[in-house]
Amino acid sequence: MNHFDVTYHPSPTLTRSLLVLIGAGVLAWALGLVFAPERAWASLMLVSFWLVSMGLAGSLFVGLQYACGAGWAVAFRRVPEAMVAALPVGAAGLILVFLIHPDLYPWMAQHGESTGFQALWLQRSFFLLRAIVYFALWLGFSAYLVRNSRRQDEDGSLSHTRRNIGASLAYMFVFALTYWLASVDWIMSLEPEWTSTIFGIYNFSGMFVAGLAAIILLVLWLKRSAPLCDFVNDEHLHDLGKLLFAFSTFWMYIFFSQYMLIWYANMTEESVYYILRQQGVLGVLFIVNVVLNWGVPFLILLSSAAKRTPAVLASMAVLILIGRWLDLYLMILPPVTHGRAAFPWIETGMMLGAMGLFGVAFLAWFRRAPQTPVRDPMLAQSLGYHN
Amino acid sequence: MSQFQLLGVFGDESNLVGAIKAARERRLRIVEVYAPYAVHGLDRVLGLKRSRLSLVCLIAGALGAALKLWFEIWTAAIDWPVDVGGKPWNSLPAFVPITFEVMVLFAGLGTVGAFLLISRLRPGKQPKLIDPRITNDRFALLIEETDAAFDVGRVRALLERHGAVEVIERLAEEVPA
């Protein structure tokens, strides 16, 4: 039996608002399919990839803690664990896109135009096979990590921790390879004539900083609405803030690395990517992207007091989540709309829907276990943690 | 006038922290605390003010970035303009990596330099250890007599109650700077 009263009941208002968000998303998608089907499908791909990334950020965060032997985050580890629930939801959306609307990818329709390795790599059946392999590995590792952690609540056996350390070490390698390839397959191949060797890391930096932002918001919310109030203190927030600051800067570093090399070499087949994204309204959004993901968070989170102030930390997390959405928008939509700017009602509506789905999936998993890993050997260390 | 001092030597950091808390509650004057490594939470227990070293770091970094940016613009666009790939002379993206590196260099060296200066750690400085074991496995708390009400016996009892393995009485002249 569990030692804690684990039944956490989200308030009816919360459940209702999440359902309203999902409804808005479905409505936006349905209307989008009628009025601008290309944008609707691209947007479905975007939100599904976002959900997959959120789920992966959760299991990656958990895996990193095990792999490093870190104890500080144990107190709120149930939050990233529950985020994993978004992974299958996003995977379902992506499979839907790949099966029903593969024309999103120009190379699907134009057989024989690409040559060499690209012709070999970008084939429909191989593409689908790879997607299935990625999902299987991600779901397998994530489920294994979470299951071991939850079984430890019952028997308190150290063997679960040992198994998770081993699995996490393997997961780091598997994740790095598969997430890189998945970003290339699903996003970079929207413009098959364009290549960037840093694209996988670029996507990783964005997904991890957004994942940290989501962890911060969920931890702050669960701390305020009781489940985590006895477990999380300012020291945890401070460290989460440091990670957010560091990975926001890492994102900027990778963004700039990709941008500067293409800007410097100025080769037609490479610079076309940025030329498309620096015209008109998109050019403004291009700058806003950098300001939201790095500019403001960097300046604000420099001070340690800001990292320990929930309101400040939460607003930076919100900025970064909006920035992540904009970043994905700028990666995915311009090739589909050919750079034409349109008011993003489909994209916004569907993003709200994805947030609703994320919330429902998260709560469903968070409720199924004690709010903190009650018998983790490092829980005491995490509770008494200070910087 | 030489001040009378009591040195409490501890074998454990939690005992040290406990003794500091008790000493501060009784408003005893704590001259110095010695530890072989950085004890977490010690600053807070001692009620120390936040170090201004991070401000030095910020200013040195900003200075480095500004100077380097100016130097790059001056060399590439004013003093000796060179056409690189048909780009404008003042091409900011090309300046970013070097500006960043110099910012880090200034911030790093500036912070270390400021730290050495404030701590008066100069080459050839003779170490004056209050007890050689504080570099190994002992923690020490130095308390100074403030007025006539200072009761040696009670302070000694306080230190011992909090797990001091040894209490040494001394005069202030012997104390290292």
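This is a short talk on chain A and the place where it touches chain B.

Okay, hi everyone. Before anything else, keep in mind that what you see up there is a predicted model.

Let's begin with chain A. If you go looking for strands, you'll find zero, but there are 16 helices. How do those helices pack overall? For 387 residues, a compact globule would have a radius of gyration near 21 Å, and chain A comes out at 21 Å, so the two agree. If you'd rather picture a box, the C-alpha atoms fill one of roughly 60 × 45 × 40 Å along the principal axes.

Now, the inside. What share of chain A is buried? That's 55% of its 387 residues. And here's one about the fold: take contacts between residues at least 6 apart in sequence, and 83% of them join residues at least 24 apart.

On the outside, chain A exposes about 16,000 Å², with 70% of that coming from carbon and sulfur atoms. As for charge, chain A carries 22 positive side chains and 20 negative ones, and the centres of those two sets sit 8 Å apart.

Right, on to the partner. How many residues meet between the chains? Twelve from chain B are in contact with eleven from chain A. People often give the size of an interface as the accessible area lost when the parts come together. Here, about 930 Å² is buried between chain B and chain A, and carbon and sulfur atoms give 67% of that. Over in chain B, the residues losing the most area to chain A are H40(B), K87(B) and P93(B), which together make up 47% of what that side buries.

That's me done, thanks!

Note on methods. Residues are numbered from 1 along each chain as its sequence is written. Chains are lettered from A and ligands numbered from 1 in the order in which they are written. This is a predicted model: local features need pLDDT of at least 70, side-chain atom pairs count only at pLDDT 80 or more; totals for chains, interfaces and linings use all residues. Side-chain values use heavy atoms; hydrogens and water are left out. Helices (H or I, at least four residues) and strands (E, at least two) are DSSP runs, numbered from the N terminus. The radius of gyration is taken over C-alpha atoms; the globule rule is 2.2 Å times the number of residues to the power 0.38. Buried means under 20% relative accessible area, exposed over 50%, partly exposed in between (1.4 Å probe, protein chains only). Contact means heavy atoms within 4.5 Å. Accessible areas come from the Shrake-Rupley method with a 1.4 Å probe; for residues, only the protein chains shown count as cover. Lys and Arg count as positive and Asp and Glu as negative; His and the chain ends are not counted. The place of a charge is taken as NZ of Lys, CZ of Arg, CG of Asp or CD of Glu. Buried area is the accessible area (1.4 Å probe) that two parts lose on being put together, summed over both.
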